[in-house]
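Here are some notes on the model, set out point by point for a colleague who will want to check each of them against the coordinates.

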Amino acid sequence: MDRGQPSVEPVARAPSGPGRSVMAPLRAVVRLRRRVRLLRKRHLVPPGAGLDPGRPAPRDQPQIFTFDSPAELSSRTPRKRRRRSRVVLYPETSRKCRPRAERRSRAQHCLLLLVAIVGFQVLNAIENLDDNEQRYDLDGLEKALQRAVFGQPAAVGRIVTLMRDYLSTHVHSRPLLLALHGPSGVGKSHVGRLLARHFRGALEDSELVLQYHMRHHCPEPRAARGCREELARRVAAVVARAEAEEKTPLLVLDEVELMPQALLDELHGLLQPQRSHHFHNAIYVLLSSTGGAEITRFVLQNASRSLPLGPGGPPHGARAEEELSAGLRALLVREHPLWQAAAVVPFLLLDKRDVVSCFRDEMAAEGFFPEQARAELLAEQLSYYRVADREFAVTGCKQVVATVNLL
């Protein structure tokens with residue numbers, strides 16, 4: 001080799017052929033692996049760790065301006081981020097299903113069905129009660145009594161109220177016992193006949209109405225034991241027939257003041273709760289003049305208190321009526337315990353204008369023209385109690401029929 005020419009060293013050439021195709025992918029894998037390690041180290045090492053306070057932060061880390069020292073920043077607990085609630089969006093074309101927590105339970109459907117059944121039963125019961133009152137036509141009964149019974153507005157109102165309350169229910173623990181008391185001629189027997197006539201037409205069966213007159217069905221010479229057995233047999237037949245037809249019978253007993261002790265005991269036994277259930281569904285109306293003297297004395301002593309009391313009357317009249325009922329009940333209970341369970345309805349003395357109305361009504365029934373002057377002339381022939389500028393008939397309307405028959 002010549003000294004003037006520079007020496008040339010041999011250069012290693014890259015392998016060619018199949019070796020070159022293998023080394024290129026290996027180098028790429030190594031570079032990727034180094035890159036992954038470097039990224040992992042950056043995420044694992046916290047910002048500012050391993051750096052000197054005097055050295056400036058790397059360019060890839062942000063500059064944070066704070067008044068806290070690096071020691072305080074490292075000791076402070078990291079702040080938790082709130083997790084946003086994700087809104088579930090349903091596709092418009094898919095079927096939307098409620099979560100299980102919002103689905104209705106099957107027990108709710110059963111509860112709604114039970115409420116509907118109970119409501120229907122209550123509505124049906126109310127309609128049945130209305131039908132029961134319409135069957136007995138209590139409104140018509142009240143109008144008939146007010147039109148035909150004179151001078152007893154308080155007694156008529158109490159009778160209708162008690163019957164309405166009793167007939168508003170189908171199941172009873174004991175019968176209804178009405179005790180109509182008052183002196184002679186004040187309208188007790190007249191009310192009993194009107195009640196019997198009305199119930200015969202309303203029930204459409206005369207066998208469900210019993211009218212028992214003491215002087216007719218049990219005369220004085222007859223033994224009281226036989227009368228007791230007959231009364232018990234007739235009452236049992238009436239209540240049994242009413243039970244079969246699902247109706248409430250009416251039993252009117254007149255002249256109860258003449259009944260012996262045995263018949264009163266029998267009536268008291270019929271009202272006991274231990275009797276058969278079909279004896280509980282019945283209305284008893286007892287007509288008696290017992291306590292007539294006490295009622296007469298009370299009316300005469302309180303003539304200035306505007307008796308008798310009508311609907312919407314003064315409050316002092318209502319207090320007077322309560323006093324009369326309480327005193328009359330105490331008197332009746334001392335005679336027999338039957339009256340303890342009775343609703344006592346006192347009939348007061350009739351005023352002179354009420355007697356005139358009785359004459360006019362009887363004259364019209366007999367075919368005479370009910371002239372007011374002639375009725376007043378006939379009423380002058382009767383006897384009266386004159387107290388506090390008022391006149392009360394001694395015998396009431398008892399002699400009206402006999403006087404009109406003499407015309």
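1. I begin with the charged groups that sit over aromatic rings in this predicted model. R275 lies over the face of F279, at 4.5 Å from the ring centre, and K352 is placed over the face of Y384, at 5.6 Å from the ring centre.

2. How many aromatic pairs does the structure hold? The structure holds 1 such pair, formed by Y136 and F199, whose rings are 5.9 Å apart centre to centre and whose planes make an angle of 45°, so that the pair is classed as tilted, being neither under 30 degrees nor over 60. The two partners come from distant parts of the chain, with Y136 in helix α3 (residues 106-136) and F199 in helix α6, 63 residues apart.

3. Are the two partners of that pair buried or exposed? Y136 has a relative accessible area of 1% and therefore counts as buried, and F199, at 0% relative accessibility, is buried as well; the cut-off for this class is under 20%.

4. Helix α6 deserves a check of its geometry, and the result is consistent: its 16 residues, at 1.5 Å a residue, should span 22 Å, and the C-alpha atoms at its ends are 22 Å apart, so the expected and modelled spans agree. The buried residues of α6 are K188, V191, G192, L194, L195, A196, H198, F199, A202 and L203. As general background to such a list, an α-helix has 3.6 residues a turn, so residues three or four places apart point the same way.

5. Just after α6, the backbone at E204 takes a positive phi of about 60°, although E204 is not a glycine. This residue is found in the loop between α6 and β2, and E204 is exposed because its relative accessible area is 71%, where the class begins over 50%.

6. A second residue that merits a look on the same grounds is D137, which has a positive phi of about 50° although it is not a glycine. D137 has its place in the loop between α3 and α4 (138-148), and at 38% relative accessibility D137 counts as partly exposed.

7. Turning to enclosed space, the count comes to 2 cavities of 30 Å³ or more, and the second largest cavity has a volume of about 30 Å³. Its lining is made up of S189, G192, R193, Q211, H213, V252, D254 and L287, which by class gives 2 nonpolar, 4 polar and 2 charged residues. At least two lining residues are supplied by each of α6 (188-203), β2 (209-213) and β3 (250-254), and the largest share, 3 residues, comes from α6.

8. Which residues lie closest to the centre of the second largest pocket? This pocket has a volume of about 740 Å³, and of the 29 residues that line the second largest pocket, the closest to its centre are G185, G187, S189, H190 and R193. The elements that give two or more residues to this lining are α6, β4 (283-288), α12 (352-365) and α14 (400-405), and the largest share, 4 residues, again comes from α6. By class, the lining of the second largest pocket has 12 nonpolar, 8 polar and 9 charged residues.

9. Two buried residues can be followed to partners elsewhere in the sequence. A282, in the loop between α9 (261-270) and β4, counts as buried at 0% relative accessibility, and its C-alpha atom is separated by 7.1 Å from that of V239, although A282 and V239 are 43 residues apart along the chain. L263 lies in helix α9 and is buried, with a relative accessible area of 0%; L263 and G226, 37 residues apart in sequence, are 9.9 Å apart in space, C-alpha to C-alpha.

10. The last point concerns V171, whose place is in the loop between α5 (153-167) and β1 (176-181). At 74% relative accessibility V171 counts as exposed, and V171 and H280, which are 109 residues apart in sequence, are 8.4 Å apart in space, C-alpha to C-alpha.

Terms used
Residues numbered from 1 in each chain as written. Predicted model: local features only at pLDDT ≥ 70, side-chain atom pairs only at ≥ 80, totals over all residues. Heavy atoms only, no water. 1 Å grid on protein atoms, 1.4 Å probe; cavity = no way out; pocket = protein on both sides within 12 Å on 5 of 7 lines; lining within 4 Å. Points joined across faces, edges and corners; volume = space filled by probe spheres on them. Nonpolar A, V, L, I, M, F, W, Y, C, P; charged D, E, K, R; others polar. Expected span 1.5 Å × (residues − 1). Buried < 20%, exposed > 50% of the residue type's maximum accessible area, 1.4 Å probe, protein only. Phe/Tyr/Trp six-rings, centres within 6.5 Å; stacked < 30°, edge-to-face > 60°. Lys NZ or Arg CZ within 6 Å of the ring centre and 35° of its normal.
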